[in-house]
Amino acid sequence: MNLFTHKEQLSPGHLKIADFVERNPEDILFMTEQEIADRLGVSIATVSRFWRAVGYDNAKAFKIRLRTSEDTTPALKLNKTISRMDTDSLPVQLLEASVSHLQETLSHMKQGDLEHAAAILAEARRVYVYAPGPSAGLAELLSFRLSRFGLTVIHLAGGGHEILETLMHMQREDVVLLMCFTRLLPEAEVILDYARDTGSKAVLVTDREDLLYGLATELSFYVSRGELGEFHSMVTPLLLMEQLVLAVGLRQKEQALSKLELLADLRIRYADKLPRG
(Lines give C-alpha, C1' and ligand atoms only; values in the text may rest on other atoms or scores of the structure.)
Protein backbone atom coordinates (compact mmCIF):
# COMPACT_ATOMS: atom_id res chain seq x y z
CA MET A 1 0.00 0.00 0.00
CA ASN A 2 1.83 3.14 -1.22
CA LEU A 3 0.61 6.07 0.87
CA PHE A 4 3.53 8.45 0.50
CA THR A 5 5.52 10.03 -2.33
CA HIS A 6 9.06 11.42 -2.18
CA LYS A 7 9.97 9.16 0.75
CA GLU A 8 13.62 9.75 -0.10
CA GLN A 9 13.22 13.28 1.32
CA LEU A 10 12.19 12.05 4.77
CA SER A 11 14.52 11.90 7.75
CA PRO A 12 15.57 8.44 9.01
CA GLY A 13 13.05 8.66 11.86
CA HIS A 14 10.20 9.75 9.62
CA LEU A 15 11.11 7.09 7.04
CA LYS A 16 10.84 4.48 9.78
CA ILE A 17 7.33 5.71 10.61
CA ALA A 18 6.29 5.82 6.95
CA ASP A 19 7.40 2.23 6.39
CA PHE A 20 5.48 1.09 9.47
CA VAL A 21 2.31 2.95 8.41
CA GLU A 22 2.39 1.42 4.92
CA ARG A 23 2.80 -2.08 6.32
CA ASN A 24 0.19 -1.68 9.08
CA PRO A 25 -2.55 0.73 7.92
CA GLU A 26 -5.26 -1.06 9.94
CA ASP A 27 -3.26 -0.76 13.19
CA ILE A 28 -2.50 2.93 12.64
CA LEU A 29 -6.20 3.83 12.74
CA PHE A 30 -6.41 2.76 16.38
CA MET A 31 -2.98 3.78 17.69
CA THR A 32 -2.10 6.99 19.55
CA GLU A 33 1.05 8.93 18.75
CA GLN A 34 2.58 7.71 22.01
CA GLU A 35 1.85 4.08 21.06
CA ILE A 36 3.47 4.59 17.66
CA ALA A 37 6.52 6.18 19.29
CA ASP A 38 6.87 3.33 21.80
CA ARG A 39 6.39 0.69 19.09
CA LEU A 40 9.10 2.16 16.84
CA GLY A 41 11.52 3.44 19.45
CA VAL A 42 11.29 7.09 18.39
CA SER A 43 10.26 10.20 20.29
CA ILE A 44 6.65 11.37 20.35
CA ALA A 45 7.88 14.69 18.93
CA THR A 46 9.21 12.81 15.90
CA VAL A 47 5.82 11.19 15.41
CA SER A 48 3.99 14.53 15.79
CA ARG A 49 6.23 16.21 13.20
CA PHE A 50 5.86 13.26 10.81
CA TRP A 51 2.30 14.12 9.72
CA ARG A 52 3.31 17.60 8.51
CA ALA A 53 6.36 16.15 6.81
CA VAL A 54 4.09 14.00 4.64
CA GLY A 55 1.52 16.73 3.95
CA TYR A 56 -1.09 16.51 6.74
CA ASP A 57 -1.94 18.88 9.61
CA ASN A 58 -1.97 16.13 12.22
CA ALA A 59 -2.60 12.43 12.84
CA LYS A 60 -6.37 12.91 12.72
CA ALA A 61 -6.21 14.40 9.22
CA PHE A 62 -4.07 11.51 8.02
CA LYS A 63 -6.44 8.91 9.47
CA ILE A 64 -9.39 10.56 7.70
CA ARG A 65 -7.49 10.33 4.43
CA LEU A 66 -6.63 6.69 5.13
CA ARG A 67 -10.27 5.76 5.75
CA THR A 68 -11.41 7.35 2.47
CA SER A 69 -8.48 6.27 0.31
CA GLU A 70 -9.23 4.35 -2.92
CA ASP A 71 -6.33 2.13 -1.90
CA THR A 72 -7.93 1.27 1.42
CA THR A 73 -7.70 -2.40 2.29
CA PRO A 74 -10.63 -4.81 2.79
CA ALA A 75 -9.83 -4.91 6.49
CA LEU A 76 -10.10 -1.12 6.75
CA LYS A 77 -13.42 -1.16 4.90
CA LEU A 78 -14.79 -3.78 7.25
CA ASN A 79 -13.53 -1.88 10.30
CA LYS A 80 -15.20 1.31 9.10
CA THR A 81 -18.54 -0.41 8.59
CA ILE A 82 -18.50 -2.29 11.89
CA SER A 83 -17.36 0.76 13.88
CA ARG A 84 -20.69 2.47 13.12
CA MET A 85 -22.76 -0.48 14.25
CA ASP A 86 -24.02 -1.72 17.58
CA THR A 87 -22.25 -5.07 17.82
CA ASP A 88 -25.06 -6.41 20.02
CA SER A 89 -27.43 -6.13 17.07
CA LEU A 90 -25.01 -6.63 14.16
CA PRO A 91 -27.27 -9.11 12.30
CA VAL A 92 -30.15 -6.64 12.45
CA GLN A 93 -27.93 -3.78 11.27
CA LEU A 94 -26.62 -5.83 8.36
CA LEU A 95 -30.13 -6.88 7.40
CA GLU A 96 -31.30 -3.26 7.44
CA ALA A 97 -28.32 -2.24 5.32
CA SER A 98 -29.11 -5.03 2.85
CA VAL A 99 -32.74 -3.90 2.59
CA SER A 100 -31.53 -0.35 1.93
CA HIS A 101 -29.19 -1.58 -0.82
CA LEU A 102 -32.01 -3.58 -2.40
CA GLN A 103 -34.38 -0.60 -2.36
CA GLU A 104 -31.80 1.68 -3.94
CA THR A 105 -31.02 -0.94 -6.59
CA LEU A 106 -34.70 -1.39 -7.39
CA SER A 107 -35.16 2.36 -7.79
CA HIS A 108 -32.56 2.37 -10.58
CA MET A 109 -34.01 -0.58 -12.49
CA LYS A 110 -36.13 0.26 -15.51
CA GLN A 111 -39.18 -1.78 -16.34
CA GLY A 112 -38.44 -4.33 -19.02
CA ASP A 113 -34.64 -4.26 -18.61
CA LEU A 114 -34.52 -7.63 -16.88
CA GLU A 115 -36.61 -9.26 -19.62
CA HIS A 116 -34.46 -7.57 -22.27
CA ALA A 117 -31.29 -8.91 -20.66
CA ALA A 118 -32.82 -12.39 -20.43
CA ALA A 119 -33.66 -12.30 -24.14
CA ILE A 120 -30.11 -11.27 -25.02
CA LEU A 121 -28.61 -14.09 -22.93
CA ALA A 122 -31.07 -16.74 -24.15
CA GLU A 123 -30.53 -15.92 -27.82
CA ALA A 124 -26.74 -15.67 -27.68
CA ARG A 125 -24.48 -18.22 -29.33
CA ARG A 126 -22.15 -17.89 -26.35
CA VAL A 127 -22.27 -15.88 -23.13
CA TYR A 128 -18.90 -14.41 -22.14
CA VAL A 129 -18.59 -13.32 -18.51
CA TYR A 130 -16.00 -10.90 -17.11
CA ALA A 131 -16.08 -10.97 -13.31
CA PRO A 132 -12.76 -10.08 -11.63
CA GLY A 133 -11.96 -10.21 -7.93
CA PRO A 134 -14.85 -10.72 -5.51
CA SER A 135 -17.39 -10.97 -8.33
CA ALA A 136 -15.82 -14.24 -9.53
CA GLY A 137 -18.19 -16.17 -7.31
CA LEU A 138 -21.16 -14.53 -9.03
CA ALA A 139 -19.80 -15.65 -12.40
CA GLU A 140 -19.50 -19.23 -11.15
CA LEU A 141 -23.10 -19.20 -9.95
CA LEU A 142 -24.37 -17.68 -13.20
CA SER A 143 -22.40 -20.19 -15.26
CA PHE A 144 -23.67 -23.13 -13.20
CA ARG A 145 -27.31 -22.07 -13.49
CA LEU A 146 -27.33 -21.02 -17.14
CA SER A 147 -25.43 -24.11 -18.26
CA ARG A 148 -28.30 -26.20 -16.96
CA PHE A 149 -30.51 -24.50 -19.54
CA GLY A 150 -28.11 -25.44 -22.33
CA LEU A 151 -26.38 -22.07 -22.63
CA THR A 152 -22.66 -21.97 -23.33
CA VAL A 153 -20.93 -19.73 -20.78
CA ILE A 154 -17.28 -18.69 -21.22
CA HIS A 155 -15.26 -17.11 -18.42
CA LEU A 156 -12.84 -14.35 -19.36
CA ALA A 157 -9.57 -14.13 -17.42
CA GLY A 158 -9.57 -11.64 -14.57
CA GLY A 159 -6.69 -9.54 -15.86
CA GLY A 160 -3.72 -9.09 -18.15
CA HIS A 161 -3.11 -10.12 -21.74
CA GLU A 162 -4.46 -13.65 -21.07
CA ILE A 163 -7.91 -12.19 -21.53
CA LEU A 164 -7.17 -11.79 -25.24
CA GLU A 165 -6.73 -15.56 -25.68
CA THR A 166 -10.47 -16.01 -25.05
CA LEU A 167 -11.69 -12.64 -26.28
CA MET A 168 -10.46 -13.26 -29.83
CA HIS A 169 -13.16 -15.93 -30.32
CA MET A 170 -16.04 -13.52 -29.65
CA GLN A 171 -18.46 -13.11 -32.56
CA ARG A 172 -21.43 -10.97 -33.46
CA GLU A 173 -23.90 -13.58 -32.16
CA ASP A 174 -22.30 -13.56 -28.71
CA VAL A 175 -22.98 -11.44 -25.64
CA VAL A 176 -20.59 -10.37 -22.90
CA LEU A 177 -21.68 -9.70 -19.32
CA LEU A 178 -19.29 -7.49 -17.36
CA MET A 179 -19.29 -6.96 -13.60
CA CYS A 180 -17.43 -3.74 -12.87
CA PHE A 181 -17.40 -2.81 -9.21
CA THR A 182 -15.62 0.21 -7.67
CA ARG A 183 -13.95 1.26 -10.95
CA LEU A 184 -13.71 0.47 -14.66
CA LEU A 185 -10.62 -1.67 -15.15
CA PRO A 186 -8.51 -1.44 -18.35
CA GLU A 187 -9.53 -5.03 -19.13
CA ALA A 188 -13.19 -4.01 -19.12
CA GLU A 189 -12.42 -1.15 -21.49
CA VAL A 190 -10.67 -3.58 -23.84
CA ILE A 191 -13.61 -5.99 -23.74
CA LEU A 192 -16.13 -3.25 -24.51
CA ASP A 193 -13.96 -1.93 -27.34
CA TYR A 194 -13.64 -5.36 -28.94
CA ALA A 195 -17.32 -6.14 -28.44
CA ARG A 196 -18.12 -2.95 -30.33
CA ASP A 197 -15.80 -4.00 -33.17
CA THR A 198 -17.41 -7.44 -33.47
CA GLY A 199 -20.95 -6.19 -33.04
CA SER A 200 -21.44 -8.29 -29.90
CA LYS A 201 -23.91 -7.06 -27.30
CA ALA A 202 -22.57 -6.06 -23.88
CA VAL A 203 -24.44 -6.01 -20.56
CA LEU A 204 -22.87 -4.14 -17.63
CA VAL A 205 -23.46 -4.67 -13.90
CA THR A 206 -21.88 -1.95 -11.75
CA ASP A 207 -22.06 -0.15 -8.42
CA ARG A 208 -20.89 3.10 -10.01
CA GLU A 209 -23.71 5.32 -11.23
CA ASP A 210 -21.38 7.29 -13.50
CA LEU A 211 -20.63 4.10 -15.46
CA LEU A 212 -24.28 3.78 -16.46
CA TYR A 213 -23.78 6.40 -19.14
CA GLY A 214 -21.38 6.83 -22.02
CA LEU A 215 -20.25 3.21 -22.36
CA ALA A 216 -21.00 1.08 -25.41
CA THR A 217 -23.40 -1.33 -23.74
CA GLU A 218 -26.78 -2.71 -24.72
CA LEU A 219 -27.94 -2.60 -21.09
CA SER A 220 -26.52 -1.42 -17.76
CA PHE A 221 -27.66 -2.45 -14.29
CA TYR A 222 -26.82 -0.50 -11.14
CA VAL A 223 -26.46 -2.42 -7.87
CA SER A 224 -26.01 -0.69 -4.52
CA ARG A 225 -23.18 -2.18 -2.43
CA GLY A 226 -22.34 0.49 0.15
CA GLU A 227 -20.43 3.75 0.29
CA LEU A 228 -16.88 4.16 -1.03
CA GLY A 229 -14.42 2.97 1.61
CA GLU A 230 -16.93 0.77 3.42
CA PHE A 231 -17.27 -3.01 3.45
CA HIS A 232 -19.05 -3.77 0.18
CA SER A 233 -22.03 -6.11 0.26
CA MET A 234 -22.65 -8.65 -2.51
CA VAL A 235 -26.33 -9.11 -1.66
CA THR A 236 -27.73 -7.03 -4.52
CA PRO A 237 -25.42 -8.39 -7.27
CA LEU A 238 -26.29 -11.90 -6.12
CA LEU A 239 -30.01 -11.17 -6.29
CA LEU A 240 -29.62 -9.70 -9.77
CA MET A 241 -27.84 -12.85 -10.97
CA GLU A 242 -30.65 -15.00 -9.57
CA GLN A 243 -33.23 -12.77 -11.27
CA LEU A 244 -31.43 -13.09 -14.60
CA VAL A 245 -31.35 -16.88 -14.28
CA LEU A 246 -35.06 -17.04 -13.48
CA ALA A 247 -35.90 -14.63 -16.31
CA VAL A 248 -33.94 -16.77 -18.79
CA GLY A 249 -35.64 -19.91 -17.48
CA LEU A 250 -39.09 -18.38 -17.85
CA ARG A 251 -38.29 -17.16 -21.34
CA GLN A 252 -37.44 -20.65 -22.56
CA LYS A 253 -39.51 -22.58 -20.07
CA GLU A 254 -40.00 -25.78 -22.08
CA GLN A 255 -36.33 -26.09 -23.00
CA ALA A 256 -35.25 -25.33 -19.43
CA LEU A 257 -37.63 -27.91 -17.97
CA SER A 258 -36.57 -30.57 -20.46
CA LYS A 259 -32.92 -30.01 -19.55
CA LEU A 260 -33.69 -30.27 -15.83
CA GLU A 261 -35.73 -33.42 -16.40
CA LEU A 262 -32.82 -34.94 -18.33
CA LEU A 263 -30.50 -34.05 -15.44
CA ALA A 264 -32.85 -35.78 -13.01
CA ASP A 265 -32.94 -38.89 -15.21
CA LEU A 266 -29.14 -38.99 -15.45
CA ARG A 267 -28.81 -38.72 -11.68
CA ILE A 268 -31.09 -41.74 -11.27
CA ARG A 269 -29.35 -43.69 -14.01
CA TYR A 270 -25.87 -43.24 -12.58
CA ALA A 271 -26.73 -42.98 -8.88
CA ASP A 272 -24.72 -46.11 -8.03
CA LYS A 273 -21.56 -44.85 -9.75
CA LEU A 274 -21.89 -41.12 -8.94
CA PRO A 275 -23.67 -40.86 -5.57
CA ARG A 276 -24.57 -37.34 -4.50
CA GLY A 277 -22.46 -36.15 -1.58
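Two strands are taken to pair if DSSP finds at least two bridges between them. In this predicted model, strand β4 (residues 201-206) and strand β5 meet that condition, pairing in the parallel sense over 4 bridges, and within the pair L204 stands opposite S220 in β5. Strand β5 (residues 219-222) is covered on both faces, since L219 and F221 on one side and S220 and Y222 on the other are all buried.

**The chain as a whole**

The protein chain contains 13 helices and 5 strands, and of its 277 residues 40% are buried. Among the contacts whose separation is 6 or more, 69% join residues that are 24 or more positions apart. The accessible surface comes to about 15800 Å², and carbon and sulfur atoms contribute 53% of that area. As for confidence, the mean pLDDT is 83, with 87% of the residues at 70 or more; among the elements, the lowest mean, 60, belongs to helix α6 (residues 74-83), while strand β1 (residues 127-130) has the highest, 95.

**Salt bridges**

In general, side chains of opposite charge can pair when their charged atoms come close. The count for this model is 5 salt bridges, and among them are the following.

| Salt bridge | N to O distance | Relative accessible areas |
|---|---|---|
| E123 and R251 | 3.0 Å | E123 58%; R251 47% |
| R125 and D174 | 3.0 Å | R125 33%; D174 2% |
| D207 and R225 | 2.8 Å | D207 15%; R225 4% |

The salt bridge of E123 with R251 runs between two helices: E123 lies in helix α8 (residues 113-123) and R251 in helix α12 (residues 235-251), so the pair ties together parts that are 128 residues apart in sequence. Of these two residues, E123 is exposed, whereas R251 counts as partly exposed.

The side chains of R125 and D174 also meet in a salt bridge, here between loops: R125 lies in the loop between α8 and β1, and D174 in the loop between α10 (163-167) and β3 (175-180), so the pair ties together parts that are 49 residues apart in sequence. R125 is partly exposed, while D174, with a relative accessible area of 2%, is buried.

The salt bridge that D207 forms with R225 leads back to the surroundings of strand β5, for D207 lies in the loop between β4 and β5 and R225 in the loop between β5 and α12, so the pair ties together parts that are 18 residues apart in sequence. Buried means under 20% relative accessible area; D207, at 15%, therefore counts as buried, and R225, at 4%, counts as buried too.

**A buried histidine and a nonpolar patch**

In helix α1 (residues 12-23) lies H14, which at 11% relative accessibility counts as buried. Leaving aside residues up to four places away in sequence, H14 touches T46, R49, F50 and A53.

At the surface, L262, L266, Y270 and L274 make a nonpolar patch of about 370 Å². One of these residues, L262, is found in helix α13 (residues 253-269); with a relative accessible area of 45%, L262 is partly exposed, and since patches are made of residues with over 30% relative accessible area, L262 at 45% passes that cut-off.

Notes. Residues numbered from 1 in each chain as written. Predicted model: local features only at pLDDT ≥ 70, side-chain atom pairs only at ≥ 80, totals over all residues. Heavy atoms only, no water. Buried < 20%, exposed > 50% of the residue type's maximum accessible area, 1.4 Å probe, protein only. Contact = heavy atoms within 4.5 Å. Areas by Shrake-Rupley, 256 points an atom, 1.4 Å probe, with all protein chains shown as cover. pLDDT = per-residue confidence, 0-100. Patch = residues over 30% accessible without salt bridge, like charges linked within 9 Å, V, L, I, M, F, W, Y side chains within 5 Å.
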